[in-house]
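Okay, thanks everyone, let me pull up the chain I wanted to talk through today. I'll put it on the screen and then we can walk around it together.

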Amino acid sequence: MAAAAPCGVAGQCRLQLLVLVVAAAAGRAAAAVRGGMLYPRESPSRELKELGGIWSFRADFSPGRDAGFEQRWYRQPLRQTGPVIDMPVPASFNDITQDPHLENYIGWVWYEKEVLIPQRWLQDDLSTRVVLRFGSAHYYSIVWVNGVQVVEHEGGHLPFEADISRIVQRSPGVLCRITVALNNTLTPHTLPPGSIQYMNDRTRYPKNYFVQNTRFDFFNYAGIHRPVVLYTTPSVYIDDITVTTTSSESVAMVRYQISVVGSELYSLSLSLRDQEGKVVATGDGPSGELKVPNPNLWWPYLMHENPGYRYFLEVKMQAQASGVPQEDIYTLPVGIRTVHVTSTQFLINGKPFYFHGVNKHEDADIRGKGLDWALIVKDFNLLRWLGANSFRTSHYPYAEEIMDLCDTYGIVVIDECPGVGIKMPESFGNKSLQHHLVVMEELIRRDKNRPSVVMWSVANEPASELPPAAYYFKTLIAHTKALDPSRPVTFVSDTNYAVDHGAPYVDVICVNSYFSWYHDPGHLEVIPLQLTAQFENWYKTYQKPIIQSEYGADSIPGLHSDPPAMFSEEYQKAMLKEYHSVFDKKRKEYVIGELIWNFADFMTDQGTTRVLGNKKGIFTRQRQPKSAAFVLRERYWKIANESSCVPPIIKSLSSQHVVHGITDYVISLV
C-alpha cells in the first residue's frame, strides 16, 4: 500500500490513508465479474426473507473516519461500540435526521441488523444454501456476518451478494448479526468520479476540514438504497440464465443459455408459458432454442394495444449432491422483441420507434435515493398520463423493481451506467477504465434479459474532447458490445461534434444542449438556428441517428412572467415549444428521439444557481405538474396519434378528443 502524502494534520493524514485503503480495495474488486446475479424470486425450491425496516446506524465522525476499523466495530453489536440511531432501509441516510453534519457526511458509516434465520433453512446444511443480497449500497461496501467478513463491493446502483451458509449454520437458533461498513467517498477512479479537497488555511476553515468535490449536478445521496434480502437455493442451483430472441411474422426463436453451480451431473428442462399459463414451447439442456409459433411480441407503450407482453420461462434443474436428490426451479419473464439501428431509424420489431420520453432521477423528499414503492407507482402513472414511451436511467442504473415495471408496461429504457462527471484527465487512465469495464459487466449481467432495455449508455457528458477519450471509449464500447452483441451502445455527449473523440464508436448519437439557458440565457430566438445547426453538423459528420437526450429550463412553480422570463413557468413552456418546432422537422429525417430534462425537480448540492435543487422538472419534486407538463402531454399524445404503428384505438382519435380518449385507454391498461 502506498504511503499517505505528508501533511500537517494527523486526522487529515489518516483520512488520506483511508482513501488509499478504499482505492486499494477497489483495485482488488476490479476483477472480471463471475457468476450470475438472478433477481431473487420465490419458487418451490427457493425462499425469501426481506430485511427492510429499521437498522442500527452509526457514522464514524473520528478525524480519520477510521475508528470503526481500529476498534473493530464489526466484532460486537454496534450498540456496544457507542451511540447508535435508528435508520430506515432502504433509504439514504442524509435527510433522515436534523443533523446537518450527517446530511453532508463523507466517509465510513456503519449499519447493523440482527435477524433470526428460519430453522428449516438450517436443518440440512448439505442441501440448503443461504445467500445475503444487497440491491445496492453507496458506494464502497464491506459486509460481515457474525463478525466474519463475507463480501466487499465497489460502486453503488448495482447488486452484490454472498453465500453465508457456513456461517449461519454454525449457530442455529441464534440471532444472525449483519454488519455493513459503507463509504461514500469518491475518487478520480470511482464511478462517478470525485476528489477530496483539504482546506488547510486555519484562518478560514476548522481543523481537519475537507470537502468532496464532484462534477455532476445531483445530490450525492448515500446509504443502503435498495432491498436487502436473505434467500435460499439448493446447494446445486441455477446460477444464471441468458436469453436472446429473434422473430418473424409467424415464428419466434428464444435462444437460451443456462449455467448450473454445485455439480456437473444435472439435467435441465424448460417450459415457456404465455400469460394465460399455456405451454407454448419446451426444451432441455444448458443451451438451445425454443420455437414459438405465432408469437405475441413485446411492444412499447402506445405501439400496440397490448404493450409489454411477456412470456415466462420456467427452468427446472434436477441433480444429485452427496447422494441426495436436489431440484431447483427458477422462472424468468421473457419478452420477445428485436432491436435494429439504421443510419436514420431505430427499429423495434422492424417498426420505426421514436423516443418521446424523459430523463429521471431516483430522488424524493426524505428518503433520497431509497426505493419507495408508492413513489415508483406514482411515477409510472405520471409517465403513462404524459404519453411518455421511454426514459434514460440518468445517470446510473435504476432499481430492479423499477426495471420490472418498465418490462411490464412497455416503457423503453436507455440503460445508463454511473459514468457521470468523467471530466478529469486522470479519470481516463487504465485504473478508471478497468473499473468502468467491470461496472458494465455487472450492469449487463443484471439487465441483459430485459426487453425494455434497448440500448446501453456508457457515460453522460464526459470530457470526450480530451485525447485519451478516444482509446477509453473505443475500448469501453467494444467491451460492451462483446458482452451483449444484441443491443446498440451509446454515450451522451455535450462536446462539440468536431472534437468528440468517442462519437465514432457509438451506434446512436445522443446530444445534450441547453440553448437559451446555459448558452445565450434568456434568448429564445436563437434556439431554431442553433439547434438546427447542431443536428445537421452531427449528422453530416457521423451519418448516425440522433436523440436529443437532454434539453430544458428551470422553472419555479407559481412564478409567472409575460413576456416569458427565465425561471418562470412561461419561459419553460416557450423553450420547449421552440425545441419542438425543430424536432418536428428533423424527426422526418434522422432525429429518432427527444428526452426532456427532467421528469421531476430533484435535489443538488447547494450553490448560487440552485434554489433547493434543480428545478428543470416538468413535475415538482412532490410530483405535481407544472405548466410544461401539459405542453409535453399534448405533444406526446399527438406524436403517438400520428404514428403509423399505434393501435387502432389511438389512431382513430381525432386531435380535439385525444385527451379524453387516451385517458380511457390508459385506464384500460392499468
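So, one thing before anything else: this is a predicted model. Let me start at a single residue, Ile-592, which sits in strand S32, residues 591-596. Is Ile-592 buried or exposed? Its relative accessibility is 3%, so it counts as buried. And what is packed against it? Setting aside neighbours within four places in sequence, Ile-592 touches Thr-344, Gln-345, Phe-346, Phe-353, Tyr-354, Phe-355, Val-508, Pro-545, Ile-546 and Ile-547. For a sense of scale, go from Ile-592 to Ile-224: that's 368 residues along the sequence, and 37 Å through space between the C-alphas.

Now zoom out to the sheet. S32 belongs to a barrel that eight strands close, in the order S25-S26-S27-S28-S29-S30-S31-S32, with parallel pairing. On average, neighbouring strands there are turned by 25° against each other, if you ignore direction. Take one pair out of it: S30, residues 509-512, and S31, residues 546-550, run parallel and share four bridges. Asn-512 has Glu-550 in S31 as its bridge partner.

Next, the helices on these strands. H10, residues 569-586, lies across S31 and S32, at about 165° to S32. Then there's H6, residues 400-409, lying across S26 (390-392), S27 (412-416) and S28 (453-460), and making an angle of about 150° with S27.

Let me stay on H6 for a moment. How many of its ten residues are buried? Eight, so by the under 20% cut-off the helix is mostly covered. The buried ones are Glu-400, Glu-401, Ile-402, Met-403, Asp-404, Leu-405, Cys-406 and Asp-407. You might remember that an α-helix has 3.6 residues a turn, so residues three or four places apart point the same way. As for what does the covering on H6, it includes strand S5 (128-134), helix H5 (373-386), S26, S27, helix H7 (430-447) and S28. And right after H6 comes Gly-410, with a positive phi near 80°.

Okay, domains. The assignment splits the chain into domain 1 (36-184 + 220-234), domain 2 (237-334) and domain 3 (354-643). Between domain 1 and domain 2, 14 residues from domain 1 and twelve from domain 2 make the contact. Their centres, over C-alpha atoms, are 32 Å apart. Together domain 1 and domain 2 bury about 1200 Å², and 54% of that is on carbon and sulfur atoms. Who gives up the most on the domain 1 side? Leu-38, Arg-41 and Pro-234 lose the most area to domain 2, together 43% of what that side buries.

While we're in this part of the chain, look at Gln-326, in strand S21, residues 324-334. With a relative accessibility of 7%, Gln-326 counts as buried. Its side chain makes a polar contact of 2.7 Å with the side chain of Ser-235.

Last stop, another sheet. Six strands make an open, antiparallel sheet in the order S3-S2-S4-S10-S7-S8. Which strands stand at the edges? S3 (85-89) and S8 (148-154): each has a single partner strand, so one side of each has no neighbour in the sheet. Neighbouring strands here are turned by 30° on average, direction ignored. S7, residues 140-145, pairs with S8 in the antiparallel sense over six bridges, and Ile-142 stands opposite Glu-152 in S8.

That's my tour, so happy to take questions.

Conventions
Residues numbered from 1 in each chain as written. Predicted model: local features only at pLDDT ≥ 70, side-chain atom pairs only at ≥ 80, totals over all residues. Heavy atoms only, no water. Helix = DSSP H or I, 4+ residues; strand = E, 2+ residues; numbered from the N terminus. Buried < 20%, exposed > 50% of the residue type's maximum accessible area, 1.4 Å probe, protein only. Contact = heavy atoms within 4.5 Å. Pairing = 2+ DSSP bridges. Axes fitted to C-alpha atoms, helices over the stretch in contact; angles between N-to-C directions. Polar contact = N/O pair within 3.5 Å; in protein donor to acceptor, adjacent residues only side chain to side chain. Domains from an automatic or database assignment. Buried area = accessible area lost by both parts, 1.4 Å probe.
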